[in-house]
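I open the notebook on this model and write down what I look up, entry by entry. The contact between the chains comes before the rest.

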Amino acid sequence: MRGLNMSGIFKLFLMGVGLVGLILSTSYNPTARSIPMVLSILLILLMALLFLQEHVPAVGKYLRFVGQSGLFAEEKSKAGSAERSEKEKQEYKKLYRLLLWLVAFAIVLGFVSYLLAVPLFLLLFIRLEGGQSWRSAVYVAASMGIFNFLLFDLLLKTSL
Amino acid sequence: MQTEILQALSDFLAWPTPLFIILGVLLGTLFGFLPGLGGAQALALLTPVTYGMEVNQAIGMLVGVMGAVPFGGSISAILLNTPGTPQNAATTFDGFPLTQQGKAGYALGASASSSLLGAVFGIVVLMVLLPLGRYVVLAFSYPEYFMMALMGISVIAVVSMGSIWKGLAAGVFGLLLSSVGYDPVTGSLRYTFGTDYLYDGIRIVPALIGLFSISSALELMIKGDSLSSGNKVENVNSGMSKGIIAVFKNFWLFIRCSIIGTVIGIIPGVGGAVSNFLAYGHAVQTTRDKPLFGQGDIRGVIAPQASDTAKDGGAMVPTMIFGIPGSVETAILLGAFILHGLQPGPRLLMENPTVIYIVIFALVFSNIMAGIVGLAGARYLAKLIELPVALIGPMIIALSLVGAYASEGSYHDVILAVVFGILGFFMNKFGFSSVPLVIALVLGGMLQTTFHQTLASTGFQGFFTRPISLGLFILTFVMLIVPFVKARRAAKNNLDQGGESI
């Protein structure tokens, strides 16, 4: 088996979702469980085939049909594997930081009014993560705060 | 029918509906123009915003966005050699060379008129097919709707831009997600994990916001520093009227490409990128002076743009008649319909036909306005592209999460949007298209209900003894095996050629 990368982990995750769906469906009445059970089994099978085809070469060579592209699929350019893996590492580092920002913003929204949370998030993100000037950060944060107030509170009268 | 059309026209013209359409056009042009964004993101962001609006205003605004995106995307394709959306990729081939020759206005004028007329063509086809739709709908029963939904999801996987198996997996995953909540037949709760938020299932609006808006913002922020490819633009306004007339000088090409776009639009899930390339390829193959293509031939702008907008009218055919979305944008539009208490599908056609005519009027009006706005503002839009992603990305994230919260005032929607945003990002990264998942999420309820209704009324044989249902089943089966047959033939041909050369 090739070293397990994020793609493989994602396939295993979806397989896990299918497995959970299958196990839970056994506790429902026969009518309610019929379709979810079939779908869960299908998902597990499809993900297993995809995982084996891409990550287990010994089995994958018999599963070439699983790599069949759609009718309008494009050929993707393939960079060298060394430069691809270095680029991917940098991308994943950036992704994890962005996800932290996203989750933090979502949490703050739960405790503080959006009129405060949005400008605060934009101010800090644009300056600290985006590396832009304080002036740009303040300008965007203030503009979005005013825009949100005008749109949601005044125009749509949505009580948030 | 005449009464319904007049009623729809009256509702369409009632103030402030035209204002909301214009707002939608402005946003659609902007989102279409900015690379990395597009109609799906704009619609996903706007849907919760329309919650407090009247139905006509909401539909007008959303359709305004849909109508404006193709032309908006062509502006950046022509001026900056960067397609605003994937469905404008082929427009760069001849659009940008024209800009380099100082004929940017000429190209933009041709794009504006072919986009508008292409949209009109698609709408004419829709209006011709709509009355027939009522008869088709009356001939359909539970097995037919089940097979139609199954075919819709399967076809999307087959015609997708990536792996069929990944497309099918995404569709199955979407169907499984649609099982969350009350079972439509027995009323039992499934996959709610003890939380009453999930009793009514996965809410479509925050899911769409996450899948399209948040995931693309994450991709944008990871990929680049700015949206610009470094090109500066000059001479934008001269030659526009000559460009507008160019469509009429190549009228038969325009008609053929509009037909291509309409047909592609009718097939669920195929999308504008495919029609864009097919139309361009057709133009290249059917004209005699080929060497000009790729060097600034105006037909290389007319062909893809006509098919892009004709596709929208085509996509409305399965959406309005059957409630089966013909594209990602119409899938989100259906989500908006549900948010406003409209049940898409045959009931909408029979009980609320004025809504459908409002969609048609809004599509025509939005294409006209998009042409005017786009041509007037192209020069200024070109400057926006120099904005760093570090400013645009977080703005989209902020709007997305507030929009998710605003749709029903529930914080759980924010969490759902974040979860789907992360899911959508990884799905796109690893080659699983979000389109089958979205369409399966929208159709899943109908699929399950009609399955059980068929079993209850006619038994399992009902799927195979009714001719339309059987025909749809066979069509689905054929669509699923065609790529494998083609691949097998290609492999055999390669083998034979290799044997001959030895």
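**Entry 1. The interface**

I counted the residues on each side of the contact: 66 come from chain B and 65 from chain A. This is a predicted model, so I treat every value as computed from predicted coordinates. The size of an interface is often given as the accessible area lost when the parts come together. For chain B and chain A that figure is about 5800 Å², with 82% of it on carbon and sulfur atoms.

I then looked for polar links across the interface. The rule finds eight residue pairs in polar contact between chain B and chain A, both residues at pLDDT 80 or more. I asked which elements of chain B supply at least two residues each to the side that touches chain A. They are α8 (164–177), β2 (189–190), α9 (204–223), α12 (272–286), α17 (389–408), α18 (411–429), α19 (434–457) and α21 (467–501). The largest share, 12 residues, comes from α17(B). By class, I noted 52 nonpolar, nine polar and five charged residues on this side of chain B.

**Entry 2. Salt bridges across the interface**

Side chains of opposite charge can pair when their charged atoms come close. I found two salt bridges listed across the interface of chain B and chain A. In one salt bridge K166(B) pairs with E54(A), and the closest N and O atoms are 3.1 Å apart. I followed this pair further and found K11(A), E54(A) and K166(B) linked in a network of salt bridges.

**Entry 3. Chain A overall**

I listed six helices and zero strands for chain A. Read from the N terminus, the order is α-α-α-α-α-α. Of the 160 residues in chain A, 34% are buried. The accessible surface of chain A is about 9400 Å², and 66% of this belongs to carbon and sulfur atoms. I also checked the contacts in chain A between residues at least 6 apart in sequence: 51% of them join residues at least 24 apart.

**Entry 4. S25(A) and N29(A)**

Is S25(A) buried or exposed? Its relative accessibility is 0%, so I put S25(A) down as buried. S25(A) sits in helix α1 (residues 6–25) of chain A. Setting aside neighbours within four places in sequence, I found S25(A) in contact with R33(A), P36(A), M37(A) and Y191(B).

N29(A) lies in the loop between α1 and α2 (30–55) of chain A. I entered N29(A) as partly exposed because its relative accessible area is 31%. Not counting residues up to four places away in sequence, N29(A) touches T186(B) and S188(B). With S188(B) there is a polar contact from side chain to side chain, at 2.7 Å. I also took the C-alpha separation of N29(A) and L19(A), which are 10 residues apart along the chain, and got 18 Å.

**Entry 5. Backbone geometry in chain B**

Most residues other than glycine have a negative phi, and most peptide bonds are trans. I therefore wrote down the exceptions given for chain B, starting from that general rule. Y191(B), the residue that S25(A) contacts, has a positive phi, near 55 degrees. Y191(B) is in the loop between β2 and α9 of chain B, and I recorded it as buried because its relative accessible area is 7%.

F193(B) is placed in the loop between β2 and α9 of chain B. Its phi is near 50 degrees, again a positive value. At 62% relative accessibility, F193(B) goes down as exposed.

The peptide bond from W15(B) to P16(B) is cis, with omega near 10 degrees. I located P16(B) in the loop between α1 (2–13) and α2 (17–33) of chain B.

**Entry 6. Salt bridges within the chains**

Over all chains the count by this rule is nine salt bridges. In chain A, I looked at E129(A) and R97(A), whose side chains meet at 3.0 Å, N to O. E129(A) is in helix α5 (residues 114–129) and R97(A) in helix α4 (residues 81–111), so the pair ties together parts 32 residues apart in sequence. E129(A) is buried at 18% relative accessibility, while R97(A) is partly exposed at 39%.

In chain B, D183(B) and R190(B) form a salt bridge at 3.5 Å, N to O, and both residues are buried. R299(B) and D297(B) form another, at 2.8 Å; I noted both of these as buried too.

Terms used
Residues are numbered from 1 along each chain as its sequence is written. Chains are lettered from A and ligands numbered from 1 in the order in which they are written. This is a predicted model: local features need pLDDT of at least 70, side-chain atom pairs count only at pLDDT 80 or more; totals for chains, interfaces and linings use all residues. Side-chain values use heavy atoms; hydrogens and water are left out. Helices (H or I, at least four residues) and strands (E, at least two) are DSSP runs, numbered from the N terminus. Buried means under 20% relative accessible area, exposed over 50%, partly exposed in between (1.4 Å probe, protein chains only). Contact means heavy atoms within 4.5 Å. Accessible areas come from the Shrake-Rupley method with a 1.4 Å probe; for residues, only the protein chains shown count as cover. Buried area is the accessible area (1.4 Å probe) that two parts lose on being put together, summed over both. A salt bridge is a side-chain nitrogen of Lys or Arg within 4 Å of a carboxyl oxygen of Asp or Glu. A polar contact is a pair of N or O atoms within 3.5 Å; within protein, one must be able to donate a hydrogen and the other to accept it, and residues adjacent in sequence count only if both atoms are side-chain atoms. Ala, Val, Leu, Ile, Met, Phe, Trp, Tyr, Cys and Pro count as nonpolar, Asp, Glu, Lys and Arg as charged, and the others, Gly among them, as polar.
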